[in-house]
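Subject: Structure for you to look over

Dear colleague,

Please find below the sequence and the structure I mentioned, which I am handing over to you now. My notes on what turned up in it follow underneath.

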Amino acid sequence: MSARGIVGTGSYLPEREVSNKEVAEWCGITAEWIEERTEILTRRYAAPDEATSDLAAHALTSALRSAGITADRLDYLIVSTSTGDSPQPPTANLVQHAVGATGAACFDVNVVCSGFVFGLEMAHRLLAARPDGYAAVIGADVYSRILDHADHRTTVLLGDGAGAAIVGPVRDGHGFLGAELASRGDAHRLIRVEAGGSRIPTTPQTLADGGHYFRMEGRGVRDFVMDHVPPVLDRLLRGAGLTAADVDHFVPHQPNGVLLRGLVDKIGMSHAHTHRTLEKYGNVGSASVPVALDDGCRSGLIRDGDLVVMAGFGGGMSVGATLMRWQERS
């Protein structure tokens, strides 16, 4: 199979910046408490007239420009989101319409914060039959619409944003070197939105009870991450004949700063450059990994030939990790 890799990146963060002071007033805590426990300083919220597909389309437009191709070159368009515009149609189809990607087959994936990495592996495999093909993988979420401002465990963490990557042909020896995907359905209640689906349909009572809000068991999530992410990364690197010491860049999901620092220490990647955007954007769900990747690319830190590990982890519970030899854009 011809080499495939990421040939362009883009991101979009809404204009409205929400400070810790503002969030603290909602939750009955202090801005200092938020910073100490999360290392997040601000986050972005979508405007009232912005939906997930709008953020995704902006990010994709930026990624297409970065890759130097037009939307009509795309064979596939994958949107990873757990906050789609509506239950139907797929948000990916709305993005297709917005950017004019008329030749792309479109679909959504919902693996919550792991979804972008799952989407990359799907794009890689789908393009096996198209030597000159391209796929767009977008992570986008608008969590501000499903937050309970009385719940400080979630409101302090989450924001809105979108990131995108274009997957296409790269030079031999570059691009994707391996991927590991894992799911643990027995831990599905750690992160959830309980109402609004076929098991608990929307009713006046579910609305009154707050059943449509994002809920998270913080300690359980922390333990899951520390127990399950390191083995996935170890299998990924061993499969490529590498060790953590070989990695130049770690691009992880951005849950909170304290948890992320602990994870980096545990996986033995303190030497690598860990790309963090959580201080200014918070946890943007499925967009976390592509937003951090785009930030690293635009900063010039990721260079040709560098080994890059991306890792997503979250609701489901699921973990996805991919390893790439980076090809610098011409």
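In β13, the residue that stands as bridge partner to Phe250 is Val309. Please keep in mind throughout that this is a predicted model. The pair belongs to a parallel arrangement in which four bridges join strand β11, residues 249–252, to strand β13, residues 307–314. Helix α8, which covers residues 218–239, packs on the sheet and touches β8, β11, β13 and β14 (318–325), with its direction making about 35° with that of β14.

The sheet in question is an open one of five strands with mixed pairing, and its order is β8-β14-β13-β11-β12. Its edges are formed by β8 (175–183) and β12 (273–274), each of which pairs on one side only.

The other sheet I would point you to is also open, with five strands in the order β1-β7-β6-β4-β5 and with mixed pairing. Here the edge strands are β1 (4–12) and β5, each pairing on one side only, and the twist from one strand to the next averages 20°. Strand β1 pairs with β7, residues 160–169, in the antiparallel sense over eight bridges, and within this pairing Thr9 stands opposite Ala165 in β7. Helix α3, made of residues 52–67, packs on this sheet and touches β1, β4, β6 (135–142) and β7, while its direction makes about 130° with that of β1.

Within that second sheet, β4 (residues 76–80) and β5 (residues 105–109) run parallel and are joined by five bridges, with Leu77 opposite Cys106 in β5. The chain passes from β4 through helix α4, residues 91–99, to β5, and this β-α-β crossover is right-handed.

Turning to the interior, the largest nonpolar core holds 48 residues, of which Leu233, Phe250, Leu263, Met269 and Val309 touch the most other members. At least two residues of this core come from each of α1 (20–27), α8, α9 (257–267), β13 and β14, and the largest share, nine residues, is supplied by α8. Leu263 illustrates how the core is put together: leaving aside neighbours within four places in sequence, Leu263 is in contact with Val225, Met226, Val229, Pro230, Phe250 and Phe313. Apart from this core lies another one of 30 residues, including Ala63, Val79, Val99 and Ala104. As general background, nonpolar side chains in soluble globular proteins tend to be buried together.

Some details of the backbone may deserve your attention when you inspect the model. Most residues other than glycine have a negative phi, and most peptide bonds are trans. Against that background, the bond joining Gln88 and Pro89 is cis, with omega about 0°, and Pro89 sits in the loop between β4 and α4. The peptide bond from Gly316 to Met317 is likewise cis, with omega near -10°, and Met317 is placed in the loop between β13 and β14.

Two residues that are not glycine have a positive phi: for Glu39 the value is near 65°, and for Val112 it is about 50°. Glu39 is found in the loop between α2 (31–38) and β3 (42–45), and Glu39 counts as buried because its relative accessibility is 19%, where the cut-off is under 20%. Val112 lies in the loop between β5 and α5 (115–126) and, at 14% relative accessibility, also counts as buried.

Is Thr277, in the loop between β12 and α10 (278–281), buried or exposed? Thr277 is buried, with a relative accessible area of 2%. Not counting residues up to four places away in sequence, Thr277 touches Gln254, Gly282, Val291, Ala292 and Asp295.

Finally, as to annotation, an unreviewed UniProt entry lists residues 107–185 as "domain: Beta-ketoacyl-[acyl-carrier-protein] synthase III N-terminal". In the model, the end C-alpha atoms of residues 107–185 lie 23 Å apart, and the span is 20% helix and 38% strand. The UniProt record, again an unreviewed entry, places "domain: Beta-ketoacyl-[acyl-carrier-protein] synthase III C-terminal" at residues 238–326. For residues 238–326 the end C-alpha atoms lie 19 Å apart, and the span is 33% helix and 25% strand.

With best wishes

Note on methods: Residues numbered from 1 in each chain as written. Predicted model: local features only at pLDDT ≥ 70, side-chain atom pairs only at ≥ 80, totals over all residues. Heavy atoms only, no water. Pairing = 2+ DSSP bridges. Contact = heavy atoms within 4.5 Å. Axes fitted to C-alpha atoms, helices over the stretch in contact; angles between N-to-C directions. UniProt positions renumbered as here; feature names shortened; annotations may be inferred. Right-handed = clockwise from strand over helix to strand, strands pointing away. Core = buried A, V, L, I, M, F, W, Y, C linked by side-chain atoms within 4.5 Å. Buried < 20%, exposed > 50% of the residue type's maximum accessible area, 1.4 Å probe, protein only.
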